[in-house]
Amino acid sequence: MEPTELNAVLEEAGLSPYQVDAYVTLLELGSASASEIASMSGVPQPRIYDVLRTLDDEGYVTVYERDRLYAQATHPSEALSGLKTAIERYEFAIDEIETRYQAPEVREGDVSLVQRFRTVLDHARESIGMANEHIQLAVPADQFTTLQPLLRDAHERGVYVQLSLHLPPDDELPFDRSEFEGVCTEVRRRDLAGPFLLLVDRQRACYATNSSREYGVLVDDYTTTYVFHWYYLTRLWEVYETIYDGRNERPPYSFVEITDCIRGIEPLLDDGAEIFGRVEGELVRTGRDRTLSGQFVDVEYTGTRTGGTPASLIELAAEATIHFQTEEKRYTIGGRGAEREDIAAKRFTVERIDGP
C-alpha cells in the first residue's frame, strides 16, 4: 500500500492529518524525539507534542521523556486492536447486508424481477402464510418437504391446496402418501421438470426458472397472476395423474375454480339431480363480499361439450357461468375476476344432492 493510500485509510479510521503524518513517520523511524518527528513529518513544531500525546492515548505510540520528549511506535498487535475491531464490525455489517438483501433489482408496478432463488422462496413462505382461499404449488419433493409445515397451517385454515409434485419417471415417492394428509387437497405427479411456481388466491405469484435459478419473478397483481394460473393448469396440472385426493367423496365438498365446479356438477344436473349448496364471492357491481345459499340449477359455457364425459378444460377456457337459485332470485355466477355475471365466486360448496 502506498503511503498516500495508507494515510487516506488511517484518516478514514479517525486520525487527523497531523496524527497520520506523525504516525507514518514514526513507523519508519521506530523511535525518535518529538522535534525529529516534527521535522521529518511536516507537523508544526508547536503541535507535535499534542499530536504525539493523543496518539499515545489511542495506543498507536508510546511517549517517554529523557532529556526531552521521545516517542516510539507501539507493536501493531496492540496499536491496531481498535482498527481491527472496526474492520470486524465493517465485515459483520457487510455479511449482514448480503444476507438480508432481498430487494428486487428491477421493479415495475406490482411485478418484480429478482436474482436469487432464496428471495423467491422467502416470498413464497410469506405468501403461503397470507393465503385465504387457494394455493397452487409446483415443486420437487425436497421443496415440498421444506414448505410442508406452512402448507399444513394453510390447509387447517381452510385453504384449498393443489400440489404439482415433480418426480423423475423412475423415482419412487421419497415419503409415505400420508404426508399429504392434512397438508394438501389434491396432489398430482409430474414426470417432467418445471419451474418453481406458487400461486396464492389468484393474486400473488412466485416463479423461478428451473435450470439454473438465474432469476425469479414476484407478482402481486391479479391480471398477471391469471397468466401464471393458466400456465399452471395447462402445463403443470391438467395432464398429470392424481396421486392423492383429500376431498370428500360425498357432500359436503368444495371447489375453488368454476371450471372444476362445472365439471363436477354438470353430469349430475344432466342426470336430473338437484344440487344444493353455497357460493362465496363478491358482487361484481360493487365489489362487496356476498355469500349465497340455494340451488345449483344450470351451467353454460362457450365451448361445445363432446357429451358423455365432463367438459374439458379447453371447453371451459373462455366464458363459463353457473346459474344459482336462492329464495329471492336467480344469480349468474362467474369465477374470480368475473365481469358479466352477478357474482365473482371464490368458493363453491356442494352441501346436498337429491335425486339420481
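A salt bridge is defined here as a side-chain nitrogen of Lys or Arg within 4 Å of a carboxyl oxygen of Asp or Glu. The model is predicted, so that local features need pLDDT of at least 70 and side-chain atom pairs count only at pLDDT 80 or more, whereas totals for chains, interfaces and linings use all residues. Residues are numbered from 1 along each chain as its sequence is written, and side-chain values use heavy atoms, with hydrogens and water left out.

**View 1. The salt bridge between Glu-133 and Arg-347.** The closest N and O atoms of this pair are 3.3 Å apart. Glu-133 lies in the loop between H7 and E6 and Arg-347 in strand E18 (residues 343-354), so the salt bridge ties together parts that are 214 residues apart in sequence. Helices (H or I, at least four residues) and strands (E, at least two) are DSSP runs, numbered from the N terminus. Glu-133 is buried, with a relative accessible area of 17%, and Arg-347 is buried as well, at 12%. Buried denotes under 20% relative accessible area, exposed over 50%, and partly exposed the range in between (1.4 Å probe, protein chains only). By the salt-bridge rule, the count comes to 15.

**View 2. A salt-bridge network of Arg-118, Asp-122 and Arg-125.** Shared partners join these three residues into one network. Between Arg-118 and Asp-122 the closest N and O atoms are 3.9 Å apart; between Asp-122 and Arg-125 the corresponding value is 3.2 Å. Arg-118 and Asp-122 are four residues apart in helix H7, and therefore separated by about one helical turn. Asp-122 and Arg-125 also both lie in helix H7, three residues apart, about one turn of the helix. Arg-118 is partly exposed at 46% relative accessible area, as are Asp-122 at 22% and Arg-125 at 30%.

**View 3. The surroundings of Arg-263 in helix H10 (residues 258-270).** Arg-263 is buried, with a relative accessible area of 18%. The side chain of Arg-263 makes a polar contact with the side chain of Glu-238 at 2.7 Å. A polar contact is a pair of N or O atoms within 3.5 Å; within protein, one must be able to donate a hydrogen and the other to accept it, and residues adjacent in sequence count only if both atoms are side-chain atoms. Not counting residues up to four places away in sequence, Arg-263 touches Glu-238, Pro-310, Ala-311, Ser-312, Leu-313 and Leu-316, where contact means heavy atoms within 4.5 Å.

**View 4. The largest nonpolar core, with 34 residues.** A nonpolar core is a set of buried Ala, Val, Leu, Ile, Met, Phe, Trp, Tyr and Cys residues joined through side-chain atoms within 4.5 Å. Ile-135, Phe-144, Leu-165, Phe-180 and Phe-196 touch the most other members. Elements that give two or more residues to this core include helix H7 (117-130), helix H8 (141-156) and strand E6 (134-140). Apart from this core lies another, of 24 residues, among them Tyr-253, Phe-255, Val-279 and Tyr-331.

**View 5. The hairpin that joins strand E2 to strand E3.** Strand E2 (residues 61-65) and strand E3 (residues 69-73) pair in the antiparallel sense over five bridges; pairing requires that DSSP finds at least two bridges between two strands. The hairpin connection runs through three residues. Tyr-64 stands opposite Tyr-70 in E3.
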